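Here is a note for a colleague who is meeting this structure for the first time. Please read it with the sequence and the model side by side.

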Amino acid sequence: MEAAQAKAGCQSQCGNLSVPYPFGTEDGCFMDTKFFIKCNKSVEPPKALLQNSTIDVLHIDLDAGELRILNWLGSDCYNSSGSSFRFSTGLSSGLYNISSTKNKFTAIGYDTYAFITGSVGQDYATGCLSLCDDISDVINGSCSGVREYDISLASYYNHSRILSFNPCSHAFVVKEGEYEFSASHLNNSGEDWKLPMILDWTIEDQSCSEAKKDPETYACKENTICREPKNGNGYLCKCGDVSRGTHMLKSDIDECETLRPCSSTCHNTFGGFYYSCPKGYEGDGRRDGSGCSPMVNHHNWKLHITQTAIG
């Protein structure tokens, strides 16, 4: 099966999001709590949220071990009287690595300094600074293994020199390639503005060799390859040549029952199936092939062959 699969008997879809195992939306459907996806059915279409947060989950990539989410940006706005609106943002689950290869920290503004700091997974701090006096200096399209970030913004002159075209500063973490600067963003308040970013996820915090020592908790099942990501701890299960989606589930899809591909006897196997004809018959056994026909005994031409059609 090409599509990734939920655990048997569990919800596989939440709105526009496919929810494959080890993720799940209900108790008993996810591997552990870090893979819980809350499905908010009070809106239409239903909205998938990361655990019990307000963070939207847009896509789950089993092969890459990635979550594509929407998160808020931080904003710092001013009017002629001084500061009028300030909104700080961050992410602190401690369960996922914020991708260091697919996200960028970005600041927008011409009287702006923005800081991003974190202490979970790794202590770090960095920032962006920009100063300018005139809108004519703006050029469209250009702008100057942690588990947590906090973004804060401030201004040297409360935007008083550029208030007419840039009352706000903004800063955010965004998936690389998903944001292109526009001069219109300088005059955006930032309210209800969300941008996509990437989180890396793994199974447990063990290497493949460590995880294999306990067959009961080892997540990679038959026909799979254990793979360790370049960034962060833990491991992922990558499918071999057999069907995608069953690589972390012990249960198997019975193709004989779901596809009914055979005209005669169908034998289900883990990840596949094969056909056979009963004794005295020959053929490929396929419903869309030659099927099964009585074998002719060339040494006894008195053999009666009876063909029966049921329809």
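The numbered points below take up a sheet, the salt bridges and the aromatic rings in turn.

1. The model is a predicted one, and local features are described only where pLDDT is at least 70. Side-chain atom pairs count only at pLDDT 80 or more, which should be kept in mind while reading the points on contacts.

2. A good place to begin is the open sheet, in which four strands follow the order 8-7-15-11 with antiparallel pairing. Strand 8, covering 82-87, and strand 11, covering 103-108, stand at the edges with a single partner strand each, so one side of each has no neighbour in the sheet. From one strand to the next, the twist averages 15°.

3. Within this sheet, strand 11 pairs with strand 15, residues 168-175, in the antiparallel sense over six bridges. To locate this pairing in the model, one may look for Ala-107, whose bridge partner in strand 15 is Ala-171.

4. How many salt bridges does the count come to? The count comes to seven salt bridges, and one of interest for the sheet joins the side chains of Asp-76 and Arg-86, at 3.0 Å from N to O. Asp-76 belongs to strand 7, residues 74-79, and Arg-86 to strand 8, so this pair ties together parts that are 10 residues apart in sequence. Is Asp-76 buried or exposed? With a relative accessible area of 0%, Asp-76 is buried, because buried is taken to mean under 20%.

5. A salt bridge between the side chains of Glu-176 and Lys-104 has an N to O distance of 3.9 Å. Here Glu-176 is partly exposed, with a relative accessible area of 42%, and Lys-104 is likewise partly exposed, with a relative accessible area of 45%.

6. Another salt bridge joins Asp-205 to Arg-147, with the closest N and O atoms 3.7 Å apart. Asp-205 lies in the loop between strand 16 (194-200) and helix 1 (208-211), while Arg-147 lies in the loop between strand 13 (124-131) and strand 14 (148-154), so the pair ties together parts that are 58 residues apart in sequence. Arg-147 is buried, at a relative accessible area of 14%.

7. Salt bridges also link Lys-47, Asp-56 and Lys-194 in a network. Lys-194 deserves a second look, since this residue lies over the face of Trp-72 as well, at 4.3 Å from the ring centre.

8. Turning to the aromatic rings, the count comes to 10 aromatic pairs. In one of them, Tyr-156 and Tyr-157 have ring centres 6.3 Å apart and planes at 45°, so the pair is tilted. Tyr-156 is partly exposed at 46% relative accessibility, and Tyr-157 is partly exposed with a relative accessible area of 38%.

9. By way of contrast in geometry, the rings of Phe-172 and Tyr-179 have centres 5.1 Å apart and planes at 75°, so this pair is edge-to-face. Both Phe-172 and Tyr-179 are buried.

10. Which residues do ring pairs link into a cluster? The cluster consists of Tyr-113, Phe-115, Tyr-156 and Tyr-157. The face of Tyr-157 also has a charged residue over it, namely Arg-161, at 3.9 Å from the ring centre.

Conventions: Residues are numbered from 1 along each chain as its sequence is written. Side-chain values use heavy atoms; hydrogens and water are left out. Rings of Phe, Tyr and Trp (its six-membered ring) pair if their centres lie within 6.5 Å; planes under 30 degrees apart count as stacked, over 60 as edge-to-face and the rest as tilted. Buried means under 20% relative accessible area, exposed over 50%, partly exposed in between (1.4 Å probe, protein chains only). A charge sits over a ring if NZ of Lys or CZ of Arg is within 6 Å of the ring centre and within 35 degrees of the ring normal. Two strands pair if DSSP finds at least two bridges between them. Helices (H or I, at least four residues) and strands (E, at least two) are DSSP runs, numbered from the N terminus. Axes are lines fitted to C-alpha atoms, for helices over the stretch in contact, and angles run from 0 to 180 degrees between N-to-C directions. A salt bridge is a side-chain nitrogen of Lys or Arg within 4 Å of a carboxyl oxygen of Asp or Glu.
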